[in-house]
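Colleague: I am new to this structure and would like a close look at a single part, the surroundings of the ligand. Please take me through that part slowly, and link it to the rest of the chain where you can.

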Amino acid sequence: MHLVIIGNGIAGVSCAQTVRRLRPEARITLVSAESAYHFSRPALMYLYMGHLRWPDVLPFEAWYWRENRLELVHDRATRLDAAARTVHLAAGPPLAYDALLLATGARTQYYDWPGQHLRGVQGLVSKADVELMADLTRDVREAVVVGGGLIGVEMAEMLRTRGLGVTLLVRDRHYWGSVLPPEEAALVDAQLRRHGVRVQYGTELAEVLGDASGRVRAVRTSGGQELPCQWLGVATGVVPNVGLTADTGIETDRGILVDEYLRTSVPGIFAAGDCAQRRSPPPGEAAIEPLWYTGRMQGETVAHTICGQPTAYQRGPWFNSAKFFDLEYQTYGQVPARPADGEASFWWQHPTAALGLRLHYRADASRALLGVNALGLRLRHDVCDQWLRRAAPVPEVLAQLGAANFDPEFFAQHEPAIVAAYNAGHPDEPAVVLRRRRGLLGRLLSV
Ligand SMILES: Cc1cc2nc3c(=O)[nH]c(=O)nc-3n(C[C@H](O)[C@H](O)[C@H](O)COP(=O)(O)OP(=O)(O)OC[C@H]3O[C@@H](n4cnc5c(N)ncnc54)[C@H](O)[C@@H]3O)c2cc1C
């Protein structure tokens with residue numbers, strides 16, 4: 001079998017590694033236009049900030065690919081001939097395949113703003129983007145970033161480390177209003193302001209204004225305000241790369257449509273990662289999941305199907321983590337911005353420090369846990385995942401908080417305060433008693 005994979009991101013590489021394990025004799029070719037070797041996309045920001053160099057973001061050295069007989073082709077796939085089972089490349093000879101995985105990722109979403117093609121306007125997805133950003137922000141004093149999601153804050157942090165003035169335009173009334181409840185948003189907002197980011201809520205980009213040389217000189221907002229800037233970061237989401245599917249019979253919507261086995265509508269062609277859109281995701285799950293760990297899961301899952309072991313993609317409870325400057329954020333399961341009917345939410349916040357914990361649960365007698373948000377506190381993924389899978393009652397979760405505690409010395413001091421706050425807010429329920437943590441001796445004896 002010759003498996004050709006377009007895209008050497010986490011989805012493509014995870015598939016290649018799993019197929020190599022399942023089918024040692026298979027020929028596997030990875031094609032990528034972006035870089036000769038797989039790299040960590042979430043680490044791109046650290047290149048700009050000077051914390052890492054290019055070799056530091058490569059998870060595997062050159063020998064790894066040779067030793068595992070993974071053929072790397074640094075070239076652009078220009079056309080698919082599904083009938084002839086062939087991929088055409090920009091420079092090299094065509095590649096014939098038995099199975100083809102499209103793991104082509106995503107690119108910056110633009111919204112047809114007047115002036116968006118001016119020099120100095122860009123997104124942040126690729127290696128080329130971060131290099132361009134380093135070049136175009138070199139002699140810049142003022143930057144604007146449009147879009148208040150995770151990438152928008154990353155851009156703001158990158159720019160602030162180089163001393164640029166940054167204005168962040170956020171459409172919602174509070175930070176990431178479609179995702180975060182107001183209390184979490186307020187903690188992030190305080191963090192942004194502490195780091196000198198000027199945030200304008202309820203504000204959209206209306207137009208980009210250029211100078212005589214064709215470079216951005218200002219933006220006009222939806223409120224009619226003109227903000228001078230020499231660089232504009234676009235962080236309004238990403239769109240799946242579906243270009244290769246043209247005239248192939250592969251069905252697309254926003255992304256490349258796949259069934260639960262990550263099969264496209266054309267036999268022998270699969271899709272995974274940021275470019276894939278599930279036709280019928282389970283309730284509460286998104287059809288497109290542009291995340292690192294879901295890319296890895298999809299790559300590993302589709303490998304089994306490619307190797308003749310059909311395996312449905314089952315993500316399990318949602319998980320995401322990020323850092324807003326110094327503030328760590330983790331979310332598990334479902335925590336909506338506003339509780340729906342039949343749901344309730346317990347929020348604890350430290351009186352002075354940037355620390356918060358939310359437990360979201362069913363408001364009925366089960367008190368079943370639906371989701372967790374943690375800010376400034378790091379929880380253990382395995383413990384939260386198990387709580388969510390078995391819908392643990394919130395009083396039980398609180399009693400066992402220590403088990404989820406990733407930083408025992410740090411977080412332990414807050415556990416009694418969190419439990420006390422819950423008990424004070426729920427006087428009609430039996431009081432939760434924090435289960436005693438094992439001391440060092442107990443932990444050593446249990447090993
Ligand atoms: C700045 C940034 C920070 C992020 N931080 C996080 C984070 O903290 N946590 C998290 O979970 N997620 C994060 N993400 C998202 C995460 O990186 C992506 O979801 C993930 O990398 C997608 O992997 P993928 O394999 O689907 O696609 P990609 O990694 O995008 O790989 C696709 C590859 O295919 C190549 N390609 C496309 N078309 C062709 C073609 N025709 N020919 C040849 N090659 C082609 C592309 O150039 C690209 O190299 C971040 C993303 C960005 C941009």
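Modeller: A useful place to start is the UniProt record, an unreviewed entry, which lists residues 2-279 under "domain: FAD/NAD(P)-binding". What you see here is a predicted model, and in it the span of residues 2-279 is 22% helix and 29% strand, with its end C-alpha atoms 27 Å apart.

Turning to the ligand itself, 27 residues surround it, and the closest of them are Glu34, Arg41, Ala77, Asp274 and Trp292. By character, the residues of this shell divide into 14 nonpolar, 7 polar and 6 charged. Some of the contacts come from the backbone: a backbone N or O atom of Trp292, a residue already named among the closest, lies 2.9 Å from an oxygen atom of the ligand. For Ile10, a backbone N or O atom is 3.1 Å from a ligand oxygen atom, and a polar backbone atom of Leu291 is likewise found 3.1 Å from an oxygen atom of the ligand. Taken alone, the ligand exposes 1000 Å², of which the protein buries 87%. The elements that give two or more residues to the shell are helix H1, residues 10-22, and helix H5, residues 150-161.

As for where the ligand sits in the overall fold, both domain 1 (2-107 + 239-306) and domain 2 (121-236) give residues to its shell, and it therefore lies between the two.

Ala77, one of the closest residues to the ligand, also leads to a hairpin, since strand E4 covers residues 77-81 and is joined by 4 bridges to the antiparallel strand E5, residues 86-89. Within this pairing, Asp81 has Thr86 of E5 as its bridge partner, while 4 residues lie between the strands of the hairpin, where Arg85 takes a positive phi near 50°.

Elsewhere in the chain, 5 strands form an open sheet with parallel pairing, in the order E9-E16-E10-E11-E12. Strand E9 (121-122) and strand E12 (197-200) stand at the edges with a single partner strand each, so one side of each is left without a neighbour in the sheet. Further in, strand E10 (residues 142-146) pairs with strand E16 (residues 231-234) in the parallel sense over 4 bridges, and Val146 has Val234 of E16 as its bridge partner.

Note on methods
Residues are numbered from 1 along each chain as its sequence is written. This is a predicted model: local features need pLDDT of at least 70, side-chain atom pairs count only at pLDDT 80 or more; totals for chains, interfaces and linings use all residues. Side-chain values use heavy atoms; hydrogens and water are left out. Two strands pair if DSSP finds at least two bridges between them. A residue is near a molecule or strand if one of its heavy atoms lies within 4 Å of it. A polar contact is a pair of N or O atoms within 3.5 Å; within protein, one must be able to donate a hydrogen and the other to accept it, and residues adjacent in sequence count only if both atoms are side-chain atoms. Accessible areas come from the Shrake-Rupley method with a 1.4 Å probe; for residues, only the protein chains shown count as cover. Ala, Val, Leu, Ile, Met, Phe, Trp, Tyr, Cys and Pro count as nonpolar, Asp, Glu, Lys and Arg as charged, and the others, Gly among them, as polar. Domain bounds come from an automatic or database domain assignment. UniProt positions are given in the numbering used here, feature names are shortened, and annotations may be inferred rather than shown by experiment.
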